[in-house]
Structures are given as C-alpha cells and as structure tokens.
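Colleague: I am new to this structure and would like a close look at a single part of it, followed by whatever helps me to place that part in its surroundings. Please explain each term as you come to it.

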Amino acid sequence: MLATLGFAMIATFMVLIMTRTISAIAALILVPIVFGLLAGHGADMTGMALEGIIALAPTAAALVFAVLYFCIMMDAGLFDPLVRSAVKFAHGDPLRVSLATAAVATLVSLDGDGATTAIITIGAFLPIYRRLGMNPLMLAVLLGSANSTINLTPWGGPTARVASALNVDIMDVFLPLLPTMIAAIIGVFVLALVFGLWERKRLGIVQLETDLSQSLFDREPGVERPKLFWVNLALTLALLGCVVGQVLPLPIAFMIGLTLACIINYPKLSDQRERVAAHASNVVPIVLLIFSAGVFTGILEGTGMIAAMGETLLALVPAEYGPHFGPIIALASAPFTFVLSNEAYYFGIVPVLAETAQHFGVEPVEVARASLLGVNVHALSPLVAPIYLVATLLKVEVGDLQRFGLPFAILFFLLMVAVSLATGAVPFVVH
C-alpha cells in the first residue's frame with residue numbers, strides 16, 4: 001500500500017510540474033501533504049516536514065551566500081580584465097576565438113547563473129563569429145559544455161538539488177567529482193581547439209579590430225571597482241581554497257567571503273543593501289526550492305513511502321545487476337535528465353534509485369554523483385529555459401542547436417562517466 005501511494009505521489013508530482021499545472025515549489029509542498037493524508041498521517045507530518053527543512057538549512061545557507069558572493073564579484077569587475085583579455089586575444093583568428101570562447105564561458109559560469117553566462121559570452125563573441133563567418137552553433141556547444149560542467153560546483157543547481165533530495169553533504173558529492181570536472185573542462189578546450197582548426201582551415205585569419213570600449217557586462221553603472229581587482233582575486237582564491245580544502249564548512253566560508261566582499265568593495269551600508277537587493281531575484285527562488293524540497297523529502301521518508309518503493313524496485317532488479325548499480329544509474333542519468341525536468345528527476349526519481357541502491361551496497365552519496373553525470377545532455381533538453389535563451393541570442397532554431405550539439409554532449413557525458421568510474425567517484429563494482 002505504501003509503495004503504491006509512493007509511486008502515485010511521484011507520478012502526480014512529475015505530471016504537475018512537467019505540464020506546468022503548478023510551480024515546482026507548490027508541488028513539492030502540497031503533493032506530499034495530500035498523499036501523507038491518504039497514507040493515514042495527519043499532524044505528525046509537521047514534524048517530518050520540519051526535520052526535512054532543518055536538514056537542508058546548511059545547503060540553503062551555502063547557496064544564498066555563494067550566489068551573492070559571485071554576483072558581488074561580477075559587479076565589482078573581478079572578471080572584467082580576464083574577459084577583455086580573452087576577447088582581445090581572440091582577434092581575427094578562428095582558433096583564438098574558439099579558445100577564448102571556452103575560457104570566458106568557463107570563467108563566467110562560476111557565478112552559477114546560466115543566463116548570465118550565456119548573455120556575457122554570446123554578447124562578447126557573437127559579433128566576432130558573425131564578422132569572421134564562423135558557425136555560431138560552435139559557440140553554443142562550447143558555452144553549454146563549459147557551463148554544464150562548472151554548474152556541478154556546490155553552488156550550482158544540480159548538485160544542490162541532488163544533495164537536498166538525498167540529504168547528503170554537498171561537499172561529499174562535489175569533491176570526488178573534481179577530477180571528472182577537470183577532465184570535462186580539458187575536453188571543452190580540446191573541442192575548442194578542434195573547432196578553431198576547422199574554422200581556420202575553412203575561413204583563414206582575418207584582421208579584425210575588436211571594440212572593447214563598452215562594458216561586456218550588463219550591470220548598473222558605477223558599481224565597478226577596478227582598483228580592487230587584485231584584492232578581490234586574492235579573496236576569491238583564498239575562499240575557493242578554503243572550500244576545496246574543507247578548511248571551513250561551505251556555508252561559513254561563503255558567509256565570511258560575502259561579508260568581506262561587501263565591506264571591501266562597498267563600504268557604505270546603503271551601497272551594500274543596494275547590491276544585495278539587486279541580486280535578490282537570483283537567490284530567493286533557490287531558497288524557496290530548497291526548503292520546499294525539505295518538506296517533500298521529510299514527508300516521503302517519514303511516512304515510510306521511500307523505503308517501501310525501494311523494496312518494490314529492488315524486487316524488479318535482477319540480482320546480477322546489483323553490483324553494477326552505480327554505473328547503471330550513471331548511464332541512465334543522460335536519458336532521464338533529457339526527458340525530465342531537474343525537479344522531476346532529482347526529487348522524484350533519484351531518491352527511489354538511492355533507496356534501491358543501498359540494498360546493493362551503493363551509498364546515497366555515490367548515487368548522487370552518478371545521477372549528476374548527464375548534465376551536458378540535460379542542457380539540450382527542450383524542458384530547460386536556457387536553451388531557448390541561447391537559441392534566441394544566436395538567432396538559430398532550437399532543433400538545429402540540438403541536432404548539432406547532441407553528439408558532443410553525449411561525448412562529454414561518456415567522458416564524465418568513464419572518469420568517474422576510473423577515479424572511484426562512482427563505484428564500478430560493489431562487493
């Protein structure tokens with residue numbers, strides 16, 4: 001009975017958000033309450049929901065302060081010299097243009113906002129691609145591949161969602177995936193090299209004057225702090241060192257980092273309030289989603305539905321597949337993330353897979369890592385908004401973008417799966 005209700009709850013949740021009947025936040029809160037009532041629970045669900053919310057509070061705090069930190073650094077102009085140098089380096093050589101595109105997309109993706117990355121990268125390079133006659137779809141592939149990979153950082157959307165869904169430490173998910181991310185970023189630059197050589201052979205090198213008189217970043221005038229570039233760079237490197245080295249817990253590290261960034265760049269309290277308020281729209285949806293997920297996962301686990309669903313799925317999995325359940329989840333992540341939204345996949349499918357995997361000795365944190373490996377394929381899903389933004393900015397059809405980009409996305413996916421298995425981030429065989 002519990003398993004049936006659990007699967008019905010997941011199905012209802014997925015249908016509601018995939019058809020956009022209600023928002024993901026509303027579905028995460030209302031659907032588990034309704035099915036909890038059907039399972040015979042009442043006021044006791046408030047305790048389950050609170051437990052789920054409390055468990056995810058550190059993740060929500062980390063995301064709030066991390067996103068705000070990188071937004072403040074974007075305002076202050078930390079990335080300006082690097083982006084300008086990349087654009088200047090590109091000049092009229094297709095090879096240089098392609099490599100610079102990969103560099104800027106990788107760098108700007110650190111703020112965790114795919115829309116910002118698309119606007120800045122395309123705004124900087126599309127005129128050069130047009131002037132040289134380069135294929136703009138190559139720009140889209142380099143942009144999407146870099147952004148999808150960097151988005152696996154702890155303050156990126158997919159990692160935060162899966163850590164919330166499975167209630168695991170976000171750094172335990174992230175750190176073992178670092179070699180995989182590094183390999184994928186190297187792959188982005190190798191692909192940029194290949195694209196550049198193709199286009200150089202086809203088009204040659206053109207003498208091109210690049211206008212850098214205007215800011216490449218869309219922001220309010222007067223917020224830049226170019227004189228503080230080296231201070232901001234040192235602060236950011238120190239902060240990332242603390243995060244990767246786990247010197248401080250992730251929320252505390254970014255709380256301190258944001259505080260120092262505001263004081264150093266905007267000493268006036270009024271300026272600090274304005275900068276934080278300017279980026280509130282980037283932060284509020286994240287917090288709402290994470291705490292709503294706490295209600296969903298708390299009730300799903302507290303009512304016993306997740307355990308019942310895991311046992312049911314376990315009975316359907318052939319015993320000989322059990323030791324290889326990690327790679328199975330990894331390989332399934334690409335098709336799942338292409339046909340499902342992030343919320344449907346991470347909050348609906350992954351918890352059931354994790355519960356089943358535990359019976360085979362695969363830990364939830366390993367399931368979390370495996371489930372993230374399809375991010376490059378997910379970037380081309382018709383269910384995600386950024387693909388329409390990129391297609392609009394490039395003035396190309398979404399279908400053309402998908403047809404051109406999907407083979408490369410699959411290559412990146414297979415590369416990430418291979419590296420994750422080789423490094424043990426996802427166990428190949430569980431004994």
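Modeller: The second largest pocket has a lining of 19 residues, and those nearest its centre are Ala 165, Leu 166, Asn 167, Thr 297 and Glu 301. A pocket here is found on a 1 Å grid over the protein atoms alone, as an open set of points where a 1.4 Å probe fits, with protein on both sides within 12 Å along at least five of seven lines, and a lining residue has an atom within 4 Å of a point. This is a predicted model, in which local features need pLDDT of at least 70 and side-chain atom pairs count only at pLDDT 80 or more, while totals for chains, interfaces and linings use all residues. Residues are numbered from 1 along each chain as its sequence is written, and side-chain values use heavy atoms, with hydrogens and water left out.

The volume of the second largest pocket is about 400 Å³, a volume being the space filled by probe spheres set on grid points that are joined across faces, edges and corners. Its lining is made up of ten nonpolar, six polar and three charged residues, where Ala, Val, Leu, Ile, Met, Phe, Trp, Tyr, Cys and Pro count as nonpolar, Asp, Glu, Lys and Arg as charged, and the others, Gly among them, as polar. At least two lining residues come from each of helix 3, helix 8 (157-166), helix 14 (280-302) and helix 17 (342-358); helices are DSSP runs of H or I with at least four residues, numbered from the N terminus.

Two of these helices can be followed further, beginning with helix 14. Its 23 residues should span 33 Å at 1.5 Å a residue, and its end C-alpha atoms are indeed 33 Å apart; the expected span is 1.5 Å times one less than the number of residues. Among the buried residues of helix 14 are Val 283, Leu 289 and the run that includes Phe 296, Thr 297 and Gly 298, where buried means under 20% relative accessible area, exposed over 50%, and partly exposed in between (1.4 Å probe, protein chains only). Just after helix 14, Gly 304 has a positive phi of about 85°.

The other is helix 3, which leads to a salt bridge, that is, a side-chain nitrogen of Lys or Arg within 4 Å of a carboxyl oxygen of Asp or Glu. Four such bridges are found in the whole structure, and in one of them Asp 75 pairs with Arg 275, with the closest N and O atoms 2.8 Å apart. Because Asp 75 belongs to helix 3 (residues 44-76) and Arg 275 to helix 13 (residues 269-278), the pair ties together parts that are 200 residues apart in sequence. Asp 75 is buried, at a relative accessible area of 4%, and Arg 275 is buried with a value of 4%.

Another of the bridges joins Asp 93 to Arg 200, with 2.6 Å between the closest N and O atoms. Asp 93 sits in the loop between helix 4 (80-90) and helix 5 (94-108), and Arg 200 in helix 10 (residues 178-203), so this pair links parts 107 residues apart in sequence. Asp 93 is buried, with a relative accessible area of 7%, whereas Arg 200 is partly exposed at 31%.
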